[in-house]
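I opened this entry to record, step by step, what I looked up in the structure. The notes follow the order in which I went through the elements.

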Amino acid sequence: IVDAIGLRPSTDRVRETVFNWLNPYLNQSKVIDLFAGTGILGMESCSRGAKETLLIEKNPVVFRGLHNNLEKLKPNPPNSVITALAMDALLWLKNQDSIDADLIFIDPPFEQINLLEEALLLINAKTKMDTPPIIYVESSSKLDNETIIRYLPGWIVEKQLTAGAVRANILKLAQAPEN
């Protein structure tokens with residue numbers, strides 16, 4: 001297990017609830033896990049039917065642990081691809097012309113609220129509004145929904161859970177086009 005400041009893998013309880021919420025969206029989905037840490041959210045997405053999962057983690061020590069987890073667990077189910085990038089998630093977002101994803105996980109270190117804010121601003125600016133993703137935000141329970149949603153005008157908190165120090169939110173565009 002890798003030990004790094006700010007690294008706190010999502011707890012089993014939170015993960016179980018979140019994936020129950022997300023199951024309807026995972027089949028054949030494209031997933032981006034920003035601030036991937038151990039990669040558990042992205043790997044679980046793959047095991048539940050995502051067709052593509054991109055894990056982005058900049059901390060070299062944490063990335064080695066993530067890469068070792070991928071090697072050890074070999075989580076790629078048939079017809080599924082996991083890619084891991086050792087890169088700054090915000091830099092990756094800035095370099096995208098647009099973001100093509102069905103689901104985006106944002107789980108930065110809690111004490112670095114600026115990472116969450118900037119990630120939400122960039123996602124809002126680069127999302128194709130005709131095909132908006134579902135956004136999962138894991139943050140400190142001290143952070144209220146209004147603070148999270150203010151960076152995403154037109155988005156709503158669809159579901160939320162507070163478990164100890166953790167707040168988990170599912171965000172959707174309020175007027176998402178009907179499929």
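**Helix H2**

I began with helix H2 (residues 40-47), which is mostly covered, since six of its eight residues are buried. I noted the buried residues of H2 as Leu41, Gly42, Met43, Glu44, Ser45 and Cys46. After H2 comes glycine 49, and I read for this glycine a positive phi, near 115 degrees. I should add that all of this comes from a predicted model.

**The whole protein**

I then stepped back and counted six helices and seven strands in the protein. Starting at the N terminus, I wrote down the order of the elements as α-β-α-β-α-β-α-β-α-β-α-β-β. Of the 179 residues in the protein, 49% are buried. I looked up the accessible surface as well, which comes to about 9100 Å², with 50% of it belonging to carbon and sulfur atoms. For contacts between residues at least 6 apart in sequence, I found that 66% join residues at least 24 apart.

**The sheet**

In what order do the strands of the open sheet stand? I traced seven strands with mixed pairing in the order E3-E2-E1-E4-E5-E7-E6. Strand E3 (81-86) and strand E6 (155-163) are at the edges and have a single partner strand each, so one side of each is left without a neighbour in the sheet. From one strand to the next, the twist averages 15 degrees.

At the E3 edge, I saw that strand E2 (residues 52-57) pairs with E3 in the parallel sense over six bridges, and that isoleucine 56 stands opposite leucine 85 in E3. Helix H3 (residues 60-73) lies across E2 and E3, and I noted that H3 runs at about 160 degrees to E3. Helix H1, for its part, lies across strand E1 (30-34), E4, E5, E6 and E7, and runs at about 150 degrees to E6.

**Strand E5 and its partners**

Why is strand E5 (residues 134-140) described as largely enclosed by the rest of the structure? I checked its residues and found that seven of the seven are buried, so strand E5 is largely enclosed. Strand E4 (residues 103-106) pairs with E5 in the parallel sense over four bridges, and isoleucine 106 has valine 137 in E5 as its bridge partner. Between E4 and E5 the chain crosses through helix H5 (residues 113-126), in a β-α-β crossover that is right-handed. With strand E7 (residues 166-173), E5 pairs in the antiparallel sense over six bridges, and here I noted alanine 168 in E7 as the bridge partner of glutamate 138.

**Aromatic pairs**

I ended with the rings, for which the count comes to two aromatic pairs. Phenylalanine 19 and phenylalanine 105 form a tilted pair, 6.0 Å centre to centre and with 45 degrees between the planes. This pair links distant parts of the chain, as phenylalanine 19 is in helix H1 (residues 12-26) and phenylalanine 105 in strand E4, 86 residues apart. I found both phenylalanine 19 and phenylalanine 105 to be buried.

The rings of phenylalanine 105 and tyrosine 136 have centres 5.6 Å apart and planes at 70 degrees, so I entered the pair as edge-to-face. Phenylalanine 105 lies in strand E4 and tyrosine 136 in strand E5, so this pair ties together parts that are 31 residues apart in sequence. Tyrosine 136 is buried, as is phenylalanine 105. My last note is that ring pairs link Phe19, Phe105 and Tyr136 into a cluster.

Conventions. Residues numbered from 1 in each chain as written. Predicted model: local features only at pLDDT ≥ 70, side-chain atom pairs only at ≥ 80, totals over all residues. Heavy atoms only, no water. Buried < 20%, exposed > 50% of the residue type's maximum accessible area, 1.4 Å probe, protein only. Helix = DSSP H or I, 4+ residues; strand = E, 2+ residues; numbered from the N terminus. Pairing = 2+ DSSP bridges. Right-handed = clockwise from strand over helix to strand, strands pointing away. Contact = heavy atoms within 4.5 Å. Areas by Shrake-Rupley, 256 points an atom, 1.4 Å probe, with all protein chains shown as cover. Phe/Tyr/Trp six-rings, centres within 6.5 Å; stacked < 30°, edge-to-face > 60°. Axes fitted to C-alpha atoms, helices over the stretch in contact; angles between N-to-C directions.
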